[in-house]
Amino acid sequence: MSYVVDFETVSTVGLESSPVAAALAGLRANEARYFKNKYDHVFTVEPAGKAKETVDFVHRVLQEERQIVIQSRALEATRFQVENIRWAYVFYESGLSINVMYTIDDRKKRAVGFKLSDGMEVPAELATRFKFARQKSKLAGTIRGSFFVIKGEY
């Protein structure tokens, strides 16, 4: 069942098994607010089991680009297009959020972004490869983020 993420009233629906569920819900709401404000897009997620194709796509990009395998269980995912950008998001039980931003007509603007929920440790599979910058969010507390540019075609 799909779930429209409400950034006015943050809810842990679908994320309850995460040890940082409240922070992850805030991170998810932060993304929903961004897409609503920038693109007037309603951010809707579904359980990872129903979004297998999206989860597999994100994992394929991680594997082929950087040989990264995420150890945490995927809880939710979404995939959509706004303007000329295709987006895929996966939210993990550990509190990690990964997005793939893939512009259709500009190969230089394709990237994978990582965001860590407040209170979670940097996953071992990312710790030695990326530096994480901090950003404050009213919805999510302190978000730590990093990214890499996609070189391949997907």
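A residue counts as buried when its relative accessible area is under 20%. By this cut-off glutamate 76 is buried, because its relative accessible area is 4%. The model examined here is predicted.

Glutamate 76 sits in strand S3, which spans residues 74-82. Its side chain has a polar partner. The side chain of glutamate 76 makes a polar contact with the side chain of arginine 28, at 2.6 Å. The surroundings of glutamate 76 draw on several stretches of the sequence. Residues up to four places away aside, glutamate 76 touches Val13, Gly14, Leu15 and Arg28. It also touches Val45, Glu46, Pro47 and Ala48. Tyr89, Val90 and Phe91 complete the list for glutamate 76.

Threonine 78 lies in strand S3 as well. With a relative accessible area of 8%, threonine 78 is buried. Its side chain reaches a backbone atom, the oxygen of threonine 44, at 2.6 Å. The contacts of threonine 78, not counting residues up to four places away in sequence, include Phe43, Thr44 and Val45. Thr54 is also touched by threonine 78, as are Trp87, Ala88 and Tyr89. Val45 and Tyr89 thus appear in the contact lists of both glutamate 76 and threonine 78.

Tyrosine 3 belongs to strand S1, residues 3-4. Its relative accessibility is 19%, and tyrosine 3 counts as buried because the limit is 20%. Neighbours within four places left aside, tyrosine 3 is in contact with Ser11, Val13 and Arg28. Phe43, Thr44 and Val45 are further contacts of tyrosine 3. Arg28, a contact of tyrosine 3, is also the side-chain partner of glutamate 76. Tyrosine 3 and leucine 139 are 136 residues apart in sequence. Their C-alpha atoms are 18 Å apart in space.

The overall fold comprises three helices and eight strands. Along the sequence these elements follow the pattern β-α-β-α-β-β-β-β-α-β-β. The radius of gyration is 14 Å. A compact globule of 154 residues would have a value near 15 Å, so the protein agrees with that expectation. Taken along the principal axes, the C-alpha atoms fill a box of roughly 40 × 35 × 30 Å. Buried residues account for 50% of the 154 residues. Among contacts with a separation of 6 or more, 57% join residues 24 or more positions apart.

The largest pocket holds about 180 Å³ of space. It is lined by 13 residues, and those closest to its centre are Gly113, Phe114, Lys115, Ser146 and Phe147. Four strands each supply at least two residues of this lining. They are S5 (96-103), S6 (110-116), S7 (133-137) and S8 (141-149). Strand S6 gives the largest share, five residues. By class, the lining of the largest pocket has seven nonpolar, five polar and one charged residues.

Backbone geometry was also examined in the loops. Most residues other than glycine have a negative phi. Aspartate 40 is not a glycine, yet its phi is positive, at about 55 degrees. Aspartate 40 is found in the loop between helix H1 (21-39) and strand S2 (44-47). With a relative accessible area of 56%, aspartate 40 is exposed. Glutamate 83, also not a glycine, has a positive phi of about 50 degrees. Its loop runs between S3 and strand S4 (85-92). Glutamate 83 is exposed, because its relative accessible area of 63% is over 50%.

Lysine 108 is found in the loop between S5 and S6. At 74% relative accessibility, lysine 108 counts as exposed. Lysine 108 and valine 149 are 41 residues apart in sequence. In space, their C-alpha atoms are 7.9 Å apart.

Technical notes. Residues are numbered from 1 along each chain as its sequence is written. This is a predicted model: local features need pLDDT of at least 70, side-chain atom pairs count only at pLDDT 80 or more; totals for chains, interfaces and linings use all residues. Side-chain values use heavy atoms; hydrogens and water are left out. Buried means under 20% relative accessible area, exposed over 50%, partly exposed in between (1.4 Å probe, protein chains only). A polar contact is a pair of N or O atoms within 3.5 Å; within protein, one must be able to donate a hydrogen and the other to accept it, and residues adjacent in sequence count only if both atoms are side-chain atoms. Contact means heavy atoms within 4.5 Å. On a 1 Å grid over the protein atoms alone, a cavity is a set of points where a 1.4 Å probe fits but cannot get out, and a pocket is an open set with protein on both sides within 12 Å along at least five of seven lines; lining residues have an atom within 4 Å of a point. Grid points are joined across faces, edges and corners, and a volume is the space filled by probe spheres set on the points. Ala, Val, Leu, Ile, Met, Phe, Trp, Tyr, Cys and Pro count as nonpolar, Asp, Glu, Lys and Arg as charged, and the others, Gly among them, as polar. The radius of gyration is taken over C-alpha atoms; the globule rule is 2.2 Å times the number of residues to the power 0.38.
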